[in-house]
Amino acid sequence: MREILEAIGKAIVEGEEEETRRLVEEALQGGVDPRKILEDAMMPAMEDIGERFSRGEAFIPELIVAAEAMQRGMEALKPRLAEGERGRGLVVLGTVQGDIHSIGKNLVRMCLEGAGFEVVDIGEDVKTERFVEAYREHRPDILGLSALLSSTMQRIPEVIEAVRAEDSGALIMVGGAPVTQEFADRSGADGYAPNAFEAARKAKELLG
Amino acid sequence: MTGKERMLTAFDRREPDRVPVWEMAFNEESIIKLGKFYTDDLPPMKFAQQMTMEEKVKLLNTLFTVARELELDGITSIGLLGTEPVDDEHVKDGWGRILRVSEEGEATAVGGPISDPSDLRGLKAYHPQPTDFLMLMASVGNLGDGVAQVLVQPGPFRESWSLLGSMEKLLYHYVKNPGFVKDLAQVATDYILEVVDMAADNGADIIALDGDLAFNQTTLMSPAQYEEYVFPYHQQITAHAHRRGLLIFKHSDGNMWPIMDGIVDAGFDGFHPVQPQCMDIGEVKRKYGDRLCILGNIDCTYLLPFGSEEEVEESVRETIRVAAPGGGYVISSSNSIHPGCKPENYIAMVRAARKYGVYPIDVEG
Ligand code: B12
């Protein structure tokens, strides 16, 4: 069994989508516990690539293909996971109003998915009211806000306030090039991360 | 010296009479806000794509007035590719790319004519039209030969990802489909070479090759991927620009350190904008000042939007002290005068450049 789990991890790190899917199916047929496949093979692989990305040893293209392979593997795995095991939690993610930068947010989505979260991506240039609506509709475990401009970043405290009016206990994570830990604290956010891999780590930490 | 002579001298890495002042871009809102200091004849506050022809002409004239009043040494024109509206937020250009427009700045491609490598064969290439160069022509007509005429054109990386409608898709294919990525870059490059020809024919002096290759952390692709998928196309473009008697520099925000040698080897004459959050201009000057003209570095993330005029002056003084001695420096913001920048701060930046930028530089540390 260790062999197949290792092979799955390797296929993800190398971004081999078809191979990942095939190996996951093979493992399932061989009777390997689906949770084990997820937690002992797939997630550690994403963790590995994410960590290397953080250290500057891997670049965005490698992260993207690994995330795609992970997704492909999940397609095979998901139907076999019990309802409660499907994910670590739900995250609603969007870029704030006036801001059309999408790449950072999309990478955060990929890394969150890679860490086992379900993500609803509500896009870019998202009005504050739309964040509130999406929060109401999905009741996520975490709301993630991305901002790439020092001007649009000023929307963050506004969104946080509006969402907290809906649910005072809402967990909110923020990030984007101009955002700092200090700004996140001042805005009342629960978490900040400087990159996509750390974002996934932070989300796990927030949900304890 | 004329503005143009100043810019060309800086590109030659010699000292002009004073540090040239130039900007890569002003958004519509920024032009109008700056214009208010000098004229009442302003267009309504809208995106250029939504303006009538008459309003567009007024916007351009406002920009030229600002350039003249502030005695800018160079002016940047963009290609005015015709677009047709799709809905309130989107327009479509001649390649069939869907662009999302935004109040806070330039548009981005969100959909392209190519979604799969197999689409490339059927792609109908767009060829630059004379009307795409109307801004350049108007600028040459209005400001004449006294200022350097810069034309900004997205590079092969940006053109490629725009044709796919997303940068992530292109980066995915960097790993998965190297052949496709190269063919696509060549399609983009062939188009860019045509643009370079028409820029030369219409009075441009300098090409600004746009298209970011980096972000805060590092480059968007690995140095090896840059070497393989971008560098050869950069080489073709710089060689062609030089053949046509033009100078050409690379624009990229972010931390470009991992591929700076490549930028020099690809034949660029300069590098813009040395984003201060990611790169130290003193270090760039030390390592590349003998081979590249350096442009930019005045912070448009915090300083120009939120700083005081005194802080702007101090930053200009310090940047000139570090980057200007010996020549080879053109002052500008660290990206553009975007809608978040205070117009007063931009004017303060230009004034400070005149105050401290006289050669020989005499600014104490
Ligand atoms: C690519 C880019 C663009 C592209 C965007 C394409 C797209 N579809 O996204 C285009 C060309 C369209 C663009 C436009 C503009 N841009 Co721009 N852009 C960039 C650039 C070069 C890289 C951004 C990027 O994609 N990075 C790659 C990703 C992976 O990194 P990231 O976004 O930082 O995200 C990471 C982390 O921040 C974090 N993260 C991100 N979101 C979140 C969310 C959460 C919850 C968490 C925890 C973490 C997290 O994780 C991510 C992955 O590791 C930056 C430069 C820079 N240094 O960042 C400028 C930059 C952001 N842009 C800038 C500017 C000025 C503009 C314009 C205003 C230009 C103009 N004058 O028109 C317009 C504005 C458009 C608009 N309305 O939004 C400035 C912002 C200055 C400021 N005011 O603060 C920057 C900093 C460049 C500079 N030299 O100063 N831009």
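Which ligand atom does a polar side-chain atom of B:Asp253 lie 3.1 Å from? In this predicted model, the partner of that B:Asp253 atom is a nitrogen atom of the ligand. The legends below begin with the ligand and then turn to the two chains.

**View 1. The ligand lies between chains A and B.** Start here to get your bearings. The ligand is surrounded by 49 residues. The closest of them are A:His101 and A:Ser150, together with B:Asn27, B:Ser102 and B:Glu106. Sorted by class, this shell holds 22 nonpolar, 21 polar and 6 charged residues.

**View 2. Polar atoms of both chains meet the ligand.** On chain B, a polar side-chain atom of B:Ser102 lies 2.6 Å from a ligand nitrogen atom. B:Ser102 is also one of the closest residues to the ligand. Look for B:Asp253 as well, where the distance from a polar side-chain atom to a nitrogen atom of the ligand is 3.1 Å. On chain A, the partner is in the backbone: an N or O atom of A:Ala196 lies 2.8 Å from an oxygen atom of the ligand.

**View 3. Helices and strands of both chains supply the shell around the ligand.** From chain A, at least two residues each come from α5, β3 (142-146), β4 (172-175) and α9 (196-206). From chain B, β5 (105-111) and α5 (156-164) each supply at least two residues too.

**View 4. Chain A and chain B bury about 2,200 Å² between them.** Carbon and sulfur atoms give 61% of that area. In chain A, the residues that lose the most area to chain B are A:Phe59, A:Pro61 and A:Ile100, and together they make up 26% of what that side buries. The contact takes 29 residues from chain A and 28 residues from chain B.

**View 5. A salt bridge joins A:Glu17 and B:Lys176.** Their side chains meet at 3.5 Å, N to O. The count between the two chains is 2 salt bridges. Polar contacts across the interface of chain A and chain B link 11 residue pairs, with both residues at pLDDT 80 or more.

**View 6. Three helices of chain A each give two or more residues to the side that touches chain B.** They are α3 (34-54), α4 (60-77) and α5 (103-114). The largest share, 6 residues, comes from α4(A). By class, this side of chain A has 13 nonpolar, 10 polar and 6 charged residues.

Technical notes: Residues are numbered from 1 along each chain as its sequence is written. Chains are lettered from A and ligands numbered from 1 in the order in which they are written. This is a predicted model: local features need pLDDT of at least 70, side-chain atom pairs count only at pLDDT 80 or more; totals for chains, interfaces and linings use all residues. Side-chain values use heavy atoms; hydrogens and water are left out. Contact means heavy atoms within 4.5 Å. Buried area is the accessible area (1.4 Å probe) that two parts lose on being put together, summed over both. A salt bridge is a side-chain nitrogen of Lys or Arg within 4 Å of a carboxyl oxygen of Asp or Glu. A polar contact is a pair of N or O atoms within 3.5 Å; within protein, one must be able to donate a hydrogen and the other to accept it, and residues adjacent in sequence count only if both atoms are side-chain atoms. Helices (H or I, at least four residues) and strands (E, at least two) are DSSP runs, numbered from the N terminus. Ala, Val, Leu, Ile, Met, Phe, Trp, Tyr, Cys and Pro count as nonpolar, Asp, Glu, Lys and Arg as charged, and the others, Gly among them, as polar. A residue is near a molecule or strand if one of its heavy atoms lies within 4 Å of it.
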